[in-house]
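Work through the exercises below with the sequence and the model at hand. Each task is followed by its solution in steps.

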Amino acid sequence: MSTYQIAGALRGGRRRVAVADPVMTAAGCVVALVVLVALLAPLIAPYDPNAVDPAAVYAGPSGAHWLGTDDTGRDILSRLIHGARPSLIAPAAVVLLATAAGTTLAIAAAWAGGWVDRVISGVLDVIFGFPGLIMAVVAATIFGPGLLVPVLAMSIAYVPLIARVLRNSALKERNLPYIAALQLLGTPTWRIWLRHLLPNLLPIVTVQATVGFGYALLDIAAISFIGLGAQPPQAEWGLMVSSGYPGILSGQAGQVLYSGITIVVIVIAFNLLGSGLSRKLLGEGL
Amino acid sequence: MSSPLLSLEGLGLELRVDGSYRSVIHQVDLTVGRGEAVGLVGESGSGKSLTARSVLRLLPPGARLRGDIRFDGMPVPQSGSSALRTFRSTEIAMIFQDPRAHINPVRSIGDFLTEGLVTTRGLPRRQAEAKVVALLQEVGVADAARRMRQHPHELSGGLLQRVMIAAALAAEPKLLLADEPTTALDVTTQAEVMAIIDEARAERGLAMLFITHDLELAAAVCDRIAVMYAGSVVEDLPAGALHDRSAHPYTRALLASRPSIGERGGSLRAIPGRPLSAFEVGAGCAFAPRCSRAQETCRTQRPSLSPAGKGSAACLFPGSEAPSV
């Protein structure tokens, strides 16, 4: 057997190991499903999410309205389906911005070391001290409600989540001899970052971003719940929980229940997917 | 002949350890002429690798470098400058001890080899690949085209070291820094790799600074030997004079502590005491505590390199008679 064949067998072997994590597979399916639903919302939703029907206020589950209707007769299922879009896009934006900034800062800190590292790490520690929710609430009270301001505020708040973990890994990676060898070849720093450091850090970035997504979704829903995020009549899960709230008093808990369960299930799915990825990509649980 | 290709004068280096500075190189004076091979020999921790890295300013953050490093008569560019990048990629190439650690495992061999040519020379990819394949064949890699597509884990250590040598040659440097290039390889592969380096050097008129702890190997492949102890060069002499004409007690003790094929029987003469780290060195000669010839002055006065025997030695009482250990 030549080296080549052995290497090939090893590679095949690694692929074979990479199957069967039922929990992660299930979580991945839930995530994939909800993303699909968000993409196809107008096609699969049975009703216009904002179409009021005075004749069917607080209708119970039926063939016409699977999950019933809300206080103005809007179809709850259609609102959940359409609500997937803002409910997913907002945390996605948070994670995307935070990951981009966090990765850059982490690599920069690990690369430069010295006072640059101390300044970046110090600032990250300070930001880490403020819960994302508080920062989003403060920002929304200053700049007015809506999804944009809380998303930007939370992007900043989530930077340490990515950057602190990544800085350590980047530091380890940066001190590996192959980086020095690349420098000697005259490889420009940006190229080392982009083509060599980043690909080797990608597994950690992926895991942190996935877990962060779950947290961000929950936080955004909370912001909407307290009225500083998505504004009525937009269909958004957190907002649906809060606008369905009064209904509980008159025995109409359906909207709160369904939107609440949706949030919980999806957050859990992202968390399980994240820890599954962590086991798979990094070989360690979260 | 004008100035030497590489000259180090009064090189000193301090590294930050736990917030305070520790001296790891005290005094290195060394020159490498054009086309000359110089062996830098010393035990682990004597500062030989860091000496080579200092030349390229490839040092950990916060390192303090003293002294004068000149290449081709010009000072080596300041760190962080683009001139340094050009300098590193065109003038000097380095061959590392552990090739597996020095090649990004997620990139292919071809990517690694063409990296320098494409990014700093601006060579088109095709051209760079053709050049590199030719180099791989030159260093004895069969089936070079296929190797280019493989990843480091698919190659053996000896093969990877050849890839490393090819990468070094691709830059068309004037000086090769070889940092224990054969230490991680088994003995038969060692000989092959040394032969490849030797041949490539002869063909191109390359100068080499060969770092090793193998005194015999250095004597075999180099023109001149510089012996380092605890952060300083203690002796610098022609390779041919090593066995008979070395003047520094440390060099002589090293030679005496090695087994040789010629003389059988008898126990090896170990050097008493333990090797000092550079930062532990006091005022006097670093070797004094272990030296059989040490006098009172050796403990208070630090010798510097001065002519002795066929080269120069940093010893107050150099001599060529065997030390009585």
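**Exercise 1: two spans of chain A**

In chain A, residues 201-228 are 89% helix and 0% strand, with their end C-alpha atoms 36 Å apart. Helices (H or I, at least four residues) and strands (E, at least two) are DSSP runs, numbered from the N terminus. This is a predicted model: local features need pLDDT of at least 70, side-chain atom pairs count only at pLDDT 80 or more, and totals for chains, interfaces and linings use all residues. Residues are numbered from 1 along each chain as its sequence is written, while chains are lettered from A and ligands numbered from 1 in the order in which they are written.

Task: State how much of residues 23-45 of chain A is helix and how far apart the end C-alpha atoms are.

Solution: Step 1. The helix content of residues 23-45 of chain A is 91%, and the strand content is 0%. Step 2. The end C-alpha atoms of that span are 29 Å apart.

**Exercise 2: the fold of chain B**

Task: Count the helices and strands of chain B, then explain why chain B is called as compact as a globular protein of its length.

Solution: Step 1. Chain B has 10 helices and 12 strands. Step 2. The radius of gyration of chain B (taken over C-alpha atoms) is 21 Å, close to the 20 Å from the globule rule (2.2 Å times the number of residues to the power 0.38) for 325 residues, so chain B is as compact as a globular protein of that length.

**Exercise 3: the contact between the chains**

Task: Find how many residues of chain B are in contact with chain A.

Solution: Step 1. Contact means that C-beta atoms, placed from the backbone, lie within 7 Å. Step 2. On this basis 25 residues of chain B touch 21 residues of chain A. Step 3. α2(B) gives the largest share of that side of chain B, 4 residues.

Terms used
Contact = placed C-beta atoms within 7 Å.
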